[in-house]
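Let's take a walk through this one together. Have a look at the chain first, and then we'll go through its interior and one of its loops.

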Amino acid sequence: MAALPPILHKPAEGLVGHARAVAREGYLLGLSFLFRQRVPNAIPQFSPNFQDHRLPIVFLVPGYLENHGCFSTLYEELLWSGVRLALYKPRYTLASVREMASDFATFMNLTLSREECENSPVFLVGHSMGGLICRQAMLKHWQMRQQVQHLFTLATPHQGTHMAHLGLGDCVVDMLPGSRFLSELNKADRAYRHKMTSVIATPDALLLRTKAAKLDGARHTLLERSGHMALLDDARLFNHLKAEIYPHLGA
């Protein structure tokens, strides 16, 4: 696996700078829910270049109560970088993570069964709960789908978050610290952590603590002065993903 360039962190600005970042994070969280209502239909589920078998494929998986509109900036950045994109559209927004993972696995398998996807390098990108959906879906597929090169989780609560107490649905129970789901998942996929990167944003108004996104055995990338939603528009994230994917262009 190609070595990645170091992530350049912006210098800390003390309490005032931190407060501003938290305020911006709250603002972006609010906008994201408006965004998901208005933008998704403008983003095709499969990118216009999806028939080009020479290009690697990136699956984008949104998080809790998010739609794929949250990926609009990242989608455009990756598309212009020369990759194919497949957007997973959640159908069961309040179901358990296991149920959503099963649904995503079905979508992934149907997509990769297409002739133009045969032997294409594949990357998974899951935001927040979407990272857990990807991890759970891949439990039975790391061996079956060896074309999957890497899984990137973005601001994902691998160790749970107490903010889940404020949500609804079976999936929020799964995201509570010490939940049965997380305990089982964190034991089950240890053998594949070398194929995972956890991208951690600070401050994160939903995870609250940096260690909530840490995953033993995986690589970690810290984006300071970003945020739970802000990292989806962070140029440092775009550069990080591109550096991983570029060696597979034209494979």
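Helices and strands here are DSSP runs, with at least four residues for a helix and at least two for a strand, and they are numbered from the N terminus. Keep in mind that this is a predicted model.

## A loop worth a look

With that naming in hand, T161 is found in the loop between β4 and α5. Is T161 buried or exposed? Buried means under 20% relative accessible area, and T161 has 7%, so it counts as buried. Leaving out neighbours within four places in sequence, T161 is in contact with M175, L176, P177, L206 and L207. There's a polar link too: a polar atom of the T161 side chain lies 2.5 Å from the backbone oxygen of L206.

M163 also has its place in the loop between β4 and α5. With a relative accessible area of 28%, M163 is partly exposed. Setting aside residues up to four places away in sequence, M163 touches A205, L206 and L208. Along the chain, M163 and L207 are 44 residues apart, yet 7.0 Å separates their C-alpha atoms.

## The largest core

In soluble globular proteins, nonpolar side chains tend to be buried together. Here, the largest nonpolar core has 40 residues, and F59, F104, L124, M129 and I133 have the most contacts inside it. Which elements each supply at least two residues of this core? They are the strands β1 (57-61), β3 (122-127) and β4 (148-154), plus the helices α3 (97-112), α4 (129-138), α5 (170-174) and α6 (180-188). The largest share, eight residues, comes from α3.

For a closer view, pick L124. Not counting residues up to four places away in sequence, L124 touches F59, F104, M108, C134, M138, V148, H150, L151 and F152.

## A second core

There's another core to find. This second one is separate and has 26 residues, including F71, V83, V199 and F238.

## What about the cysteines?

A disulfide is a covalent bond between the sulfur atoms of two cysteines. How many disulfides does a search of the whole structure find? The count is zero.

Two cysteines are still worth a glance. C134, one of the residues that L124 touches, has a relative accessible area of 0%, so it is buried. C70 comes in at 9% relative accessibility, so C70 counts as buried too.

Technical notes:
Residues numbered from 1 in each chain as written. Predicted model: local features only at pLDDT ≥ 70, side-chain atom pairs only at ≥ 80, totals over all residues. Heavy atoms only, no water. Core = buried A, V, L, I, M, F, W, Y, C linked by side-chain atoms within 4.5 Å. Buried < 20%, exposed > 50% of the residue type's maximum accessible area, 1.4 Å probe, protein only. Contact = heavy atoms within 4.5 Å. Disulfide = S-S within 2.5 Å. Polar contact = N/O pair within 3.5 Å; in protein donor to acceptor, adjacent residues only side chain to side chain.
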